[in-house]
Amino acid sequence: MQRLTAIILLVSLISSPTPAFSEQARIKNTLITNDKKDLTIYFYVDGSFIPKIEEAIQSGIPTTFIFRIQLYNKTGDTLGPQIKSRKISHTIKYDALRKDYTIIASEKKETVVTQDFKKAKELMARVDAFPLVHLDNLQKDTQYSLQIKAELDTIKLPPPLNYLFFFASYWDFETEWETVEFTY
Amino acid sequence: MNSDALNPKSEGSSSTLLISFLNLNILFLLILMVLVMRNVTKLVLERKRGVLGARLKTKLVTAFVAFSFVPTVILFILAWGSVSSTMNKWFSLQIEKSLEESLNVAQIYYQTSSEEVLHFARTVASGGIPGNIRNAARQKQREYKVSALWYFSRSGKELAASISNDIPAGILTRPDKDAIKKALKGEYYTVDTLKKGEVVRGLSPVRGRDSNIIGVVVVDHYIPKRLVKRMREISNSFEEFKQHQLFKTPIKLSYFLLFAMVALLIIFSATWFSFFNSMTADLKAGKAGLEEANRDLESRRQYIEIILGSVAAGVVSLDKTGKITTVNHSAEQLLEIDTSRFIGRNYREILSQEQLYLMKGLIRELNASHEDTLQKEIQLKLKGKTLTVMVSITTLKDDKGNYLGMVIVFDDLTQLIKAQRMAAWREVARRIAHEIKNPLTPIQLSAERLQKRFGDKIGDGSEVFQECTRTIVKQVEELKVLVNEFSNFARMPAANPSPNDINEIAREAIFLFKEAHKGVTFQTELDNRIPGLNLDRDQIKRALINLIDNAVAAVRENGEVRIKTFYDDDLRLARIEVADNGSGILLEDKGRLFEPYFSTKKGGTGLGLVIVNTIVSDHNGYIRVLDNEPKGTRIVIELPVK
C-alpha cells in the first residue's frame, strides 16, 4: 500500500508541475473607480517577467498573459452571488527583423508596436481603465469584493518544440487571487 | 504581422498527448519495477529457504539480466553521446554568430531604409511648399531615387504625389489622415506591410516662414516581396535557432529521459522475461509431473480394473450419495445385470422393495456394529432363483475419516453349499446303509425261520403270527430297497461314457412308462440332427427314468408328459426337456429340488433329482427347472456335443 501511495505521489508530481515563480508574481496597485457609465479598474502585475519568459519573448515566441477578474456581492464575511466575471488577455510578439514588439490587449482592441522592450513589458503587465461592470448593476451602500488573478497562458511553441510544453510549463506564473473589498 | 500568432492558444492536444504518453511510460516502468523487485525479493527468500530450483532460477535471471544489461547500457551511452554531441553542434557559437550576422544585415537594411526615408522627408520638408508643387515632387522623387513622394496640406489633403515608374501601379497606398496627423507632431517612420512587399515610410512636417507647420512630406521606400521574403526567412531562422537554444536543456533532458526509459524498459523487460521463463520452466516441470502422475494413476486404475474383473467375487462400489460407481464382471454375471444401465444411478432407484429392505437392514447392522466391515450370509432372490450369497460391506473413508462411500462384495456360496450338503448327505447315506443294511439280513432270516419253525405249531394265533412275520419280511425287503438306494447314492459309480444316441435312450425310457401308465399321454419330439454323444448309457437312462417318473407322479395318471430333444448348432448343445402339465413347483422349492431328501412327492425319498443332477454334472451338463406353459414343470438338461 505504501509503495502504491509513493507511485501515485511521484506520478502526480511529474504530471502536474507547480509553477516555479508563482510566489514572485503578484497583483499590485489595484484601483477601483468609475466614470459616468462603468465601474473601472486599474492594476499591475509585478514580477511576471522572469528572465526565462523575457528570453522566450526575445526569441520570437508569442506570449500571453491572462487576467481573470471577478466581482462578488459581499454580505458580512461571506461572499454573495457573483455579479461579473471577465477574462482579458495581453499578448506580445517580437519581430527580430524590425526589432519591434507588437502588443495586443484584448480589452482595448488595438495593436501597439514599439521598439522599447520596457514599454512593451509595461503594456503587457498593466491594465488601465478597464470597464468591468455597468454602474446600473451596482447598488448604493453595498459591499462588494473584487478578485483579480493573473497567469501566463500556455506558451505557443513552434513545432517540434510544442511537444516540449511539458518542460516549458515550468516557467508558468500564476498569482494568488488579489482581493479588494469596497462599498459603492 | 500575423495576428494568429498573437492569439492566446488553449492547451495543445499534442502536449496533453505527450504528457499522457510520458506518464503512461513512467507508470509502466514503475509497475515493471515493482514486479521485478517483488520477484527478486521472492527469489532471495526462496534461496534462503533452500527451495528446490531457486539456484537454477537465480542463474537464469542473472544470465538474462547480464546479457541484456551490458548491450543496453552501451547502446544508451552511444545514443546519448551521439545526440548530445549533435545538439551541441546545432547550438554552436559559429552557427549562432552567422545567423545573427545574417539577421544584422537584414536589420541594417531596414534601419538604413528608414533613416534614408526620414532624412529625405526632412530634407524635402525643409524646402517648404514650392510653387510648382507637382514638378517639385517629381523632381525630388527622381533626385533622391525614392519609390514615392507626397506633399500633404496641414488638413491632410494631398497636394502633390510622384510615384516611381519602377513601382507597379496600385501597390503603394496613400498615407491615411491619422498618419498625417501624427506627423504634424513630429517626424517619424513606419514599416507597413503591403499586399506585395513592404514599404518603409518617412514622414516629416513642413514649416512655413513663421515656423508654423503648414504640411507634411511623405517619402516611401518600397521593398519588393521577394526581398521581404528572403529577409523574413533569415529572421525566422534566427528566431527558431534562439527558440531551440532556449529549449536546449529540456530537449536534451527529454532525449535523455527517452533513452533512459527505453534502456530501463529493456532491462526490466528482460528481467521480467527471465522470471517468466523460469515460471514457464516450473510450469513445464509441473505439467510433466502431472502427466506422469496421471499415467501412473491410469495404469493403477487399469490394474485395479483387471483385478476386479478377474476376481470371482462380485464387487459393487457406491459413492457417498449412494450412486453406483463400479460393478465388476463377476457382479454383472452373478446379479444378471447390464452394468451400463446401472452405473451412475442410485441404488435406491434400482433395487426392488424387498432387496432395498435387505440392503437397508445390512447398512443398519453395519452402523450398529461400529465396525468398517460387515459380513453376512443372505438368501438373494433373483429372477426366480434363490442364491446363497456371502455379502461383505465395507465403508470407505479418507485419511481424515470422512465417509466416501462403500464397497459391497458378493460371494456366491450356492454351489459350495450344495456340494457341502451333498457330501454331508452322502456320508449320512453311507452310514445309514452300513448301519441299517447289516442287521436287515439277520432280521429277515430270523423272521423267515420263525415262520418256518413255528408257523404251523401255533394254534389259533397262527394266522396273526403268519401275517406278522410276512409283514416283517416285506418291510425288511422295502427297507433293503431303500438302503440300496442310499447305498447307490452314496457310492455313485463314476460315469463311463461311450458314443450313444440320446434319442434312442429317451425312447427306451418312455417305453418303460407307456405301458404302465395308460391314462398319461406321452408326447415325443425328438430331433434327429443330434449327433452321437459320449454318454454313460445306463446313468443317462436312469436320469431320464427318474425325470419321467416325477412327471408321471405330478400329472397323477391323468395328464400329459412331453419329451423333447433339440440340437443347438450354434452352442453345440444337445437339449433334453421333460415337461408335464401337473401342479408345478413353488418358487421357494425350486432352489432346494436338487438337495438330498427334499421331496414334494408323497413317499418320495428325495434322492431322484439329486441323482439326476449328479449324473448330469458328471457329464459336464447343466440342469434347470423351469415353469411349463400354461402350467406344470419343465426340466431341461443340456449336454455338450464334442
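In the predicted model, five strands of chain B form an open sheet in the order 7-6-10-9-8, and the pairing within this sheet is antiparallel. Strand 7 (324-327) and strand 8 (373-382) of chain B stand at the edges, each with a single partner strand, so that one side of each is left without a neighbour in the sheet. On average, and with direction ignored, neighbouring strands of this sheet are turned by 25 degrees against each other. Strands of a sheet pair through backbone hydrogen bonds, in either a parallel or an antiparallel manner. Within the present sheet, strand 9 (residues 385-397) and strand 10 (residues 403-412) of chain B run antiparallel and are joined by nine bridges, and B:Val389 stands opposite B:Asp412 of strand 10.

Helix 11 (residues 353-369) of chain B lies across strand 8 and strand 9 of chain B, and runs at about 170 degrees to strand 8. The loop between helix 11 and strand 8 of chain B contains B:His370, a residue that has a positive phi of about 55 degrees although it is not a glycine. B:His370 is exposed, with 6 other C-beta atoms within 10 Å, a count that falls in the exposed class because that class takes in residues with 12 or fewer such atoms.

A positive phi is also found at B:Lys145, again a residue other than glycine, where the value is near 50 degrees. B:Lys145 lies in the loop between helix 4 (133-144) and strand 1 (148-153) of chain B, and this residue is likewise exposed, with 11 other C-beta atoms within 10 Å. A further backbone feature of chain B is the cis peptide bond that joins B:Glu629 and B:Pro630, for which omega is about 0 degrees. B:Pro630 lies in the loop between strand 16 (622-627) and strand 17 (633-640) of chain B.

Another antiparallel pair in chain B is made by strand 3 (residues 188-194) and strand 4 (residues 197-207), which are joined by seven bridges. The connection between strand 3 and strand 4 of chain B is a hairpin through two residues. In this pair, B:Thr193 has B:Glu198 of strand 4 as its bridge partner.

Among the helices of chain B, helix 6 (residues 225-246) was examined for its length and its burial. At 1.5 Å a residue, the 22 residues of helix 6 should span 32 Å, and the end C-alpha atoms are 31 Å apart, which agrees with that expectation. The buried residues of helix 6 are B:Met231, B:Ser235, B:Phe238, B:Glu239, B:Lys242 and B:Leu246. Seen down the axis of helix 6, these buried residues fall within an arc of 100 degrees, and they therefore line one face of the helix. The face of helix 6 that is turned away from the buried side carries the exposed residues B:Arg226 and B:Lys229. The cover over the buried residues of helix 6 draws on both chains, since it includes helix 2 (51-58) of chain A together with helix 3 (93-126) of chain B.

According to the unreviewed UniProt entry, the feature "transmembrane region" is placed at residues 20-40, 60-83 and 253-275 of chain B. Over residues 60-83 of chain B, the chain in the model is 100% helix and 0% strand, with the end C-alpha atoms 34 Å apart. The span of residues 253-275 of chain B is likewise 100% helix and 0% strand, and the end C-alpha atoms of this span lie 32 Å apart.

At the level of whole chains, the secondary structure of chain B comes to 17 helices and 17 strands, whereas chain A has four helices and nine strands. The elements of chain A run, from the N terminus on, in the order α-β-β-α-β-β-β-β-α-β-β-α-β. Buried residues make up 29% of the 184 residues in chain A, and 21% of the 642 residues in chain B. Among contacts in chain A between residues at least 6 apart in sequence, 64% join residues at least 24 apart. For chain B, residues 24 or more positions apart account for 62% of the contacts with a separation of 6 or more.

How values were computed:
Residues numbered from 1 in each chain as written. Chains lettered and ligands numbered in written order. Predicted model: local features only at pLDDT ≥ 70, side-chain atom pairs only at ≥ 80, totals over all residues. UniProt positions renumbered as here; feature names shortened; annotations may be inferred. Expected span 1.5 Å × (residues − 1). Buried ≥ 20, exposed ≤ 12 C-beta atoms within 10 Å, placed from the backbone. Arc of directions from axis to C-beta. Contact = placed C-beta atoms within 7 Å. Pairing = 2+ DSSP bridges. Axes fitted to C-alpha atoms, helices over the stretch in contact; angles between N-to-C directions.
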